[in-house]
Amino acid sequence: MTARVGVVTFPGSLDDGDAARAVRIAGAEPVRLWHGDPELHGVDAVVLPGGFSYGDYLRCGAIARFAPVMETLVDAARGGLPVLGICNGFQILCEAHLLPGALTRNQHLHFRNRDQVLRVESAGTAWTNIFQPGQEILIPVKNGEGCYVADTATLDELEADGRVVARYVGGNPNGSQRDIAAITNAAGNVVGIMPHPEHAVEALTGPSLDGLGFFTSVLKHLVGTPA
């Protein structure tokens with residue numbers, strides 16, 4: 001049976017279509033989910049896409065965190081549902097306290113848009129299991145508020161528990177502490193990543209095909225997950 005991966009659309013989402021296409025290319029069925037509908041419609045995993053949910057008023061992701069769909073999603077994620085938050089989706093996951101820390105204004109105060117090398121630090125998550133630890137991948141980054149920050153105790157805990165999923169290599173585009181580009185929760189089913197793997201799934205439009213691994217990883221995870 002084909003896995004069904006939900007992609008949430010918030011007012012101001014920009015990359016929901018790209019995320020749905022990445023899901024389809026990976027071999028799953030994309031299911032479009034609406035921010036105002038609390039139902040997850042039986043999906044096996046969920047992607048929170050990039051963009052500017054609710055116009056990024058207040059703080060990025062601060063309003064989206066209270067969307068009806070998030071009320072359901074938070075409980076489902078805590079119950080083991082795989083969730084990937086990309087860029088604005090990462091911000092939403094932090095606002096919803098599914099991931100620690102916060103994403104703040106880039107230290108240089110400029111929007112940064114470029115192809116970025118990442119080093120995969122953890123292949124033990126639902127979204128990175130086809131990669132090898134230490135593997136370098138190339139995917140685009142595009143953000144104005146992508147600087148990951150947390151207190152020292154939280155950063156040390158992430159490091160000690162192997163919950164740093166990816167780091168920036170060859171230059172930190174936003175000033176994130178310890179070059180962190182992606183993190184996971186303790187269970188490994190929730191991952192937040194600031195760069196955009198959904199923009200690196202096709203040779204025609206991406207700098208590589210490296211981003212596809214995030215989406216094929218969750219399919220591999222679901223095959224091995226009892227119903």
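Where does Leu58 lie? Leu58 sits in the loop between S3 and H2. This is a predicted model, and that loop is a handy place to start looking around. With a relative accessibility of 76%, Leu58 counts as exposed, because the cut-off for exposed is over 50%. If you want a sense of scale, pick Leu222 as a second landmark: Leu58 and Leu222 are 164 residues apart in sequence, and their C-alpha atoms are 36 Å apart in space.

**The sheet**

Now for the sheet. Nine strands make up an open sheet with mixed pairing, and their order is S2-S1-S3-S4-S11-S10-S9-S6-S7. Strand S2 (29-34) and strand S7 (136-143) are the edge strands, each pairing on one side only. On average, neighbouring strands here are turned by 25° against each other, if you ignore direction.

As background, strands of a sheet pair through backbone hydrogen bonds, and they do so either parallel or antiparallel. Both kinds turn up in this sheet, as its pairing is mixed. Here are three of the pairings, each with one pair of residues that face each other:

| Strands | Sense | Bridges | Residue pair |
|---|---|---|---|
| S1 (residues 4-9) and S3 (residues 45-48) | parallel | three | Val5 and Ala45 |
| S6 and S7 | antiparallel | eight | Arg112 and Asn143 |
| S6 and S9 | antiparallel | four | Leu118 and Tyr168 |

Strand S6 (112-120) is worth a second look, since it appears twice in the table. On one pairing, eight bridges join S6 to S7, with Asn143 in S7 as the bridge partner of Arg112. On the other, S6 pairs with S9 over four bridges, and Leu118 stands opposite Tyr168 in S9.

**Helices**

Which strands does helix H2 lie across? Helix H2 (residues 68-78) lies across S1, S2, S3, strand S4 (83-86) and strand S11 (190-193). Relative to S3, helix H2 runs at about 130°.

Elsewhere, two helices pack against each other. In general, two packed helices are described by the angle between their axes and the distance between the axes. For helix H1 (residues 16-26) and helix H5 (residues 212-223), the angle is about 60° and the axes are 9 Å apart. That angle makes H1 oblique to H5. As for handedness, the crossing of H1 and H5 is right-handed.

Who meets whom there? From H1 come Ala19, Ala22, Val23, Ile25 and Ala26, and they meet Leu212, Phe215, Thr216 and Leu219 in H5. Sorted by class, the contact has eight nonpolar residues, one polar residue and no charged ones.

**Two loop residues with positive phi**

Two loop residues deserve a stop on the tour. Leu109 isn't a glycine, yet Leu109 has a positive phi of about 65°. You'll find Leu109 in the loop between strand S5 (102-104) and strand S6 (112-120). Leu109 counts as exposed, at 56% relative accessibility.

Arg178 also has a positive phi, about 55°, although Arg178 is not a glycine. Its home is the loop between strand S9 (164-169) and strand S10 (180-184). Is Arg178 buried, partly exposed or exposed? Arg178 has a relative accessible area of 33%, so Arg178 is partly exposed.

Key:
Residues numbered from 1 in each chain as written. Predicted model: local features only at pLDDT ≥ 70, side-chain atom pairs only at ≥ 80, totals over all residues. Heavy atoms only, no water. Axes fitted to C-alpha atoms, helices over the stretch in contact; angles between N-to-C directions. Parallel < 35°, antiparallel > 145°, perpendicular 65-115°, else oblique. Left-handed = near helix turned anticlockwise from the far one by under 90°. Contact = heavy atoms within 4.5 Å. Nonpolar A, V, L, I, M, F, W, Y, C, P; charged D, E, K, R; others polar. Pairing = 2+ DSSP bridges. Buried < 20%, exposed > 50% of the residue type's maximum accessible area, 1.4 Å probe, protein only.
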